[in-house]
Amino acid sequence: TTAAAQLSRSALLFLSRQSNLKDVATRLKPFRQLASRFIAGETLEEAVDAVKALTAKGLMASFDHLNEAVRSPQETRDEVRQYLRLLARIDQVGVRANVSLKLTQCGVLFDRNLALQNARAVVADATARDSFVRVDMEESAVTQVTLDIVRDLHSEFGERHVGAVLQSYLRRTEEDAKALCAERVRIRLCKGAYLEGPDVAFPDKKDVDANFVRCMRILLDSGVYHGIATHDERMIDATLEYAARQRLPKGAFEFQMLYGIRRDLQERLVKEGHPVRVYVPYGKHWYPYFMRRLAERPANLWFVMRNLVKG
Ligand code: FDA
């Protein structure tokens, strides 16, 4: 079953990049229905409602306006405008939320400098509002440029307003974690969600998990406020155990989970007194994000299939 799971994971991640499939798939009702479990809505106001409900349960949030691999300069500027609107709305509503941003949404695939300027505009606005921008991590082709840009922004705006993401499936991540911690850059640690070759990423889940634990310890030892982003109870237990052993107070770091996944665990950790932030994606361009969520758990696909067959 491991081989079968690997195969369906790779197949789904391959399909996540097929934009011609996107137009067909996103019109299918069962597909849209399952997607609505993971996406807070297509509009900002739907996402705001979702975050209000989370806030009522003691959870914090990070809004993400879905869009990636953007190829037109105009579209990247529209994305910046979306984020400025979003930051203003967060202030107005008074929810405990920050934002997550992708550099391929800012144009990094065709113009590095444009991406930096776009991201800078968002981080500058977030800084003025005393908020925070998490720069999501994408495929390994953009890992280096992403970290370079985060470092630029970090030196200009400081650790309280911008932070990075590291993926434990990458072989380079342990070194990146050590370097970024030494520079006091806030990190979100996750396992990684893209299709990568064995040259850059660990092919075996057990190695990805072992590296997650190694990197988690580097983060917790650093004295910087980081995010531990996983739904894996073994990773969460390892984190709690290490934090207790190092006598870290609750609130020295936060747990982070995705909207619609393991709500029970999100609420349990909050009840136990740990800060928990939920990543809340919204917008029209939900197809690639949703396909990555399917790839993490191909069993989800049976739900779509069954309902397609039933009509
Ligand atoms: P794992 O995949 O081992 O899952 C553990 C358990 O969680 C499963 O047994 C199941 O119960 C539950 N679960 C996990 N995924 C599920 C799903 N899709 N549907 C239903 N149940 C599921 N990645 C990236 O490359 N760049 C990024 O910037 C981010 N950002 C990010 C932010 C936050 C807040 C989170 C939580 C995750 C990310 N990720 C990410 C995604 C991350 O890399 C990873 O793909 C997923 O979190 C799944 O890995 P887990 O750690 O949950 O473990």
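User: Which label fits R262: buried, exposed or partly exposed?
Analyst: The model is predicted: local features need pLDDT of at least 70, side-chain atom pairs count only at pLDDT 80 or more, and totals for chains, interfaces and linings use all residues. Residues are numbered from 1 along each chain as its sequence is written. A residue is buried with 20 or more other C-beta atoms (placed from the backbone) within 10 Å of its own, exposed with 12 or fewer, and partly exposed in between. R262 has 16 other C-beta atoms within 10 Å, so the label is partly exposed.

User: Where does R262 sit?
Analyst: Phi of R262 is positive, near 50°, and the residue is not glycine. Helices (H or I, at least four residues) and strands (E, at least two) are DSSP runs, numbered from the N terminus. By that numbering, R262 is in the loop between β7 and α11 (263-271).

User: Why does R184 count as partly exposed?
Analyst: R184 lies in the loop between α8 (173-182) and β5 (186-190). Its phi is also positive, near 60°, in a residue other than glycine. R184 counts as partly exposed because its C-beta neighbours inside 10 Å number 13.

User: How many residues does the largest nonpolar core have?
Analyst: A nonpolar core is a set of buried Ala, Val, Leu, Ile, Met, Phe, Trp, Tyr and Cys residues joined through C-beta atoms within 7 Å. In soluble globular proteins, nonpolar side chains tend to be buried together. Among the residues with the most contacts inside the largest core here are V51, A119 and V280. The number of residues in that core is 78.

User: Which helix gives the largest share of this core?
Analyst: The largest share is six residues. They come from residues 287-296, which form helix α12.

User: Which residues is V280 in contact with, leaving aside neighbours within four places in sequence?
Analyst: Contact here means C-beta atoms, placed from the backbone, within 7 Å of each other. On that basis, the partners of V280 are A40, A47, A50, V51, A61, S62, F63, D64 and Y259.

User: Which element gives the most residues to the shell around the ligand?
Analyst: The ligand is surrounded by 23 residues (C-beta atom, placed from the backbone, within 6 Å), and the closest are D136, A193, T230, H231 and Q256. Two or more residues each come from β4 (162-167), β7 (254-258) and α12. The most, three residues, come from β7.

User: How many residues of the shell around the ligand are charged?
Analyst: Ala, Val, Leu, Ile, Met, Phe, Trp, Tyr, Cys and Pro count as nonpolar, Asp, Glu, Lys and Arg as charged, and the others, Gly among them, as polar. The shell has 10 nonpolar and six polar residues. Its charged residues number seven.

User: What arc do the buried residues of α6 cover?
Analyst: In α6 (residues 112-128), the buried residues are A115, N118, A119, V122, V123 and A126. The arc is taken from the directions from the helix axis to the C-beta atoms. These residues lie on the same side of α6, because their arc is only 130°.

User: Which exposed residues does α10 carry on the face turned away from its buried side?
Analyst: M235, I236 and T239 are buried in α10. They fall within an arc of 100°, so they line one face of the helix. Their cover includes α9 (205-221), β6 (227-229) and β7. The face turned away carries E233, R234, D237, E241, A244 and R245.

Key
Two residues are in contact if their C-beta atoms, placed from the backbone, lie within 7 Å. The expected span of a helix is 1.5 Å times one less than its number of residues.
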